[in-house]
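The following exercises are for a reader who meets this model for the first time. Please work through each task before reading its solution.

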Amino acid sequence: MENLTGKAISVIGLGVVGLTTAVGFALKGHRVTGIDIVPEKVMKIANGVNPTYEKELTEALRRVKINATTDFHHVLGSDISFLCVGTPDNADGSIDLRYVKGAAEQLAQLLMEKGTSHLVVVRSTVVPGTTEKIVAPCFKDLPEVGVCVNPEFLQEGTALEDFLTPSRIVIGEDGRRWGDMLLDLYNGTADSSSVLRTDLRTAEMIKYASNAFLATKVSFINEIGNICKELGIDVYEVARGMGHDNRIGKDFLKAGIGFGGFCLPKDTAALMMKGKETGYTPKILQEVLQLNREQPLRMLELLKIHIPSLSNKVIGILGLAFKPGTDDIRESRAIPVVEALLKEGARVRAFDSQAMPNFQKLFPQIEYCGVDEVLASDATLIVTAWDEFNRLDYSNSIVIDGRRIDAAKRAQIYEGVCW
Ligand SMILES: NC(=O)c1ccc[n+]([C@@H]2O[C@H](COP(=O)([O-])OP(=O)(O)OC[C@H]3O[C@@H](n4cnc5c(N)ncnc54)[C@H](O)[C@@H]3O)[C@@H](O)[C@H]2O)c1
């Protein structure tokens with residue numbers, strides 16, 4: 001039954017973040033309209049079908065009602081709009097704000113018709129200063145429109161859970177009234193100690209600094225792992241020892257072939273470019289990204305110790321998604337690995353329980369098959385840490401492991417990238 005005390009919300013952009021925001025607020029009893037420009041996506045969501053693989057979100061979407069539409073006019077039936085459109089990177093790594101700007105302009109046009117108060121919330125990840133300089137000016141002639149920044153910290157694979165039990169809620173506000181209105185939506189989601197209220201650009205920076213720090217942690221442990229490998233030390237034991245120190249923390253210390261996805265690589269690059277724009281060259285971030293580019297290629301170096309020429313050799317890949325629990329392949333480490341293998345003349349066959357259709361669009365020339373065929377290759381490379389890879393029999397295979405899959409250690413020949 002509809003909760004009449006809930007607020008009317010519109011969510012613009014129904015990717016992972018938009019759909020999670022829409023479903024999350026619907027679960028909290030708000031009335032949610034979701035708007036996207038891709039009709040097929042909207043059609044699926046309107047029918048309760050999640051266009052991406054995200055387990056809990058998929059199940060929740062069947063239980064809630066989202067009014068999904070391509071018609072922007074439905075914004076007029078809401079009081080708060082969340083901008084959740086994509087912020088991809090330009091070729092030089094800087095942020096491409098065209099979708100944010102486009103959606104804000106479209107919204108402003110419509111809100112001129114509305115005439116009553118409305119809150120616009122920037123939830124997309126945007127570099128500091130964007131909301132003040134690009135979004136807010138669209139509404140400058142609309143005094144009854146307020147703007148807030150409310151970054152999303154979800155991780156793909158556990159998106160809905162992260163929304164419902166967030167580590168913190170960051171509210172960037174330009175006026176207390178608007179921040180209060182936004183906070184009200186979250187009723188009971190977080191205790192007051194994990195709510196941070198800041199100005200607009202600080203909220204934007206918190207998101208970037210958080211992602212850049214996580215990226216740094218991953219590249220750091222990979223660097224330690226690369227040294228450990230040479231010294232015959234198990235970097236996972238080292239990380240366990242480090243993680244006991246609360247100042248360090250145990251998360252994000254899994255050495256391997258680096259980070260991918262739509263957040264860490266592009267956000268770290270965008271922050272680096274923003275720094276450069278101010279005249280300061282961020283040195284740590286530069287190295288974090290460089291190490292992350294090199295790390296997956298270590299798999300080929302290790303492979304060539306056992307198979308010096310890859311020409312015409314059949315190389316199997318286990319895992320194509322950028323992480324387990326998703327079918328998202330954006331910036332997946334599988335991409336540079338497959339590219340490098342093809343360049344060496346190898347024949348590549350691959351398996352991923354969820355991400356094969358997406359990967360096939362990018363690499364139609366490789367073979368997609370089951371795990372048995374992958375394991376029957378001349379060598380197998382483990383690229384994504386899907387749980388199911390821990391239940392396979394590797395005993396007849398040469399395995400190069402990028403993700404520390406314990407069962408693979410029983411392979412005929414086994415090499416871990418950092419251990
Ligand atoms: N994916 C993540 O894990 C994650 C986590 C936190 C923050 N973010 C940030 O959130 C934002 C969205 O990420 P995502 O992964 O959901 O992106 P996405 O590219 O998967 O989805 C964006 C959606 O916006 C739609 N869109 C574009 N222009 C539109 C318009 N004018 N009107 C309506 N819809 C429009 C697109 O069709 C697409 O469906 C990005 O800024 C990203 O950096 C992502």
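**Exercise 1. Two residues with positive phi**

Phenylalanine 252 is partly exposed, with a relative accessible area of 29%; here buried means under 20% relative accessible area, exposed over 50%, and partly exposed in between (1.4 Å probe, protein chains only). The model is predicted, so local features need pLDDT of at least 70 and side-chain atom pairs count only at pLDDT 80 or more, while totals for chains, interfaces and linings use all residues. Residues are numbered from 1 along each chain as its sequence is written, and side-chain values use heavy atoms, with hydrogens and water left out.

Task: State where phenylalanine 252 and arginine 404 are placed, and describe the backbone of each.

Solution. Step one concerns phenylalanine 252, whose place is in the loop between α9 (235–243) and α10 (264–277). Helices (H or I, at least four residues) and strands (E, at least two) are DSSP runs, numbered from the N terminus. Although phenylalanine 252 is not a glycine, its phi is positive, about 60°.

Step two turns to arginine 404, in the loop between β13 (398–401) and β14 (413–416). Arginine 404 is not a glycine either, yet has a positive phi of about 60°. Arginine 404 counts as buried because its relative accessible area is 16%.

**Exercise 2. The two domains**

Task: Describe how domain 1 and domain 2 are arranged, and what is buried between them.

Solution. Begin with the bounds: the domain assignment gives domain 1 (8–198) and domain 2 (232–416), such bounds coming from an automatic or database domain assignment. The contact takes 18 residues from domain 1 and 17 residues from domain 2, where contact means heavy atoms within 4.5 Å. Taken over C-alpha atoms, the centres of domain 1 and domain 2 are separated by 32 Å.

Next, consider the area. The size of an interface is often given as the accessible area lost when the parts come together. Between domain 1 and domain 2 about 1400 Å² is buried, and carbon and sulfur atoms give 55% of this; the buried area is the accessible area (1.4 Å probe) that two parts lose on being put together, summed over both. In domain 1, the residues that lose the most area to domain 2 are Tyr53, Val127 and Glu156, together 42% of what that side buries.

Finally, count the charged pairs. There is 1 salt bridge between domain 1 and domain 2, a salt bridge being a side-chain nitrogen of Lys or Arg within 4 Å of a carboxyl oxygen of Asp or Glu. Arginine 330 and glutamate 156 form a salt bridge, with their closest N and O atoms 3.7 Å apart.

**Exercise 3. Salt bridges and their surroundings**

Task: How many salt bridges are counted by this rule? For three pairs, compare the setting of the partners.

Solution. The count comes to 23 salt bridges.

- Arginine 247 and aspartate 245 are joined with closest N and O atoms 2.7 Å apart. Arginine 247 is exposed at 76% relative accessible area, whereas aspartate 245 is partly exposed at 23%.
- Lysine 266 and aspartate 267 meet at 3.0 Å, N to O, and both lysine 266 and aspartate 267 are buried.
- Aspartate 406 and lysine 409 meet at 3.2 Å, N to O. Aspartate 406 is partly exposed at 42% relative accessibility, and lysine 409 is partly exposed at 39%.

A network of salt bridges also links Glu173, Arg176, Asp180 and Arg197.

**Exercise 4. A strand residue and a helix residue**

Task: Is cysteine 148 buried or exposed, and which residues does methionine 205 touch?

Solution. First, cysteine 148 lies in strand β6 (residues 145–149). Cysteine 148 counts as buried because its relative accessible area is 0%. Leaving out residues up to four places away in sequence, cysteine 148 touches several residues, among them Leu119, Val121, Glu173, Trp178 and Leu200. Cysteine 148 and aspartate 174 are 26 residues apart in sequence, and their C-alpha atoms are 6.6 Å apart in space.

Second, methionine 205 is placed in helix α8, which spans residues 200–231. Methionine 205 is partly exposed at 37% relative accessibility. With residues up to four places away in sequence not counted, methionine 205 touches Pro128 and Leu271. The C-alpha atoms of methionine 205 and valine 126 are separated by 8.6 Å, the two residues being 79 apart along the chain.
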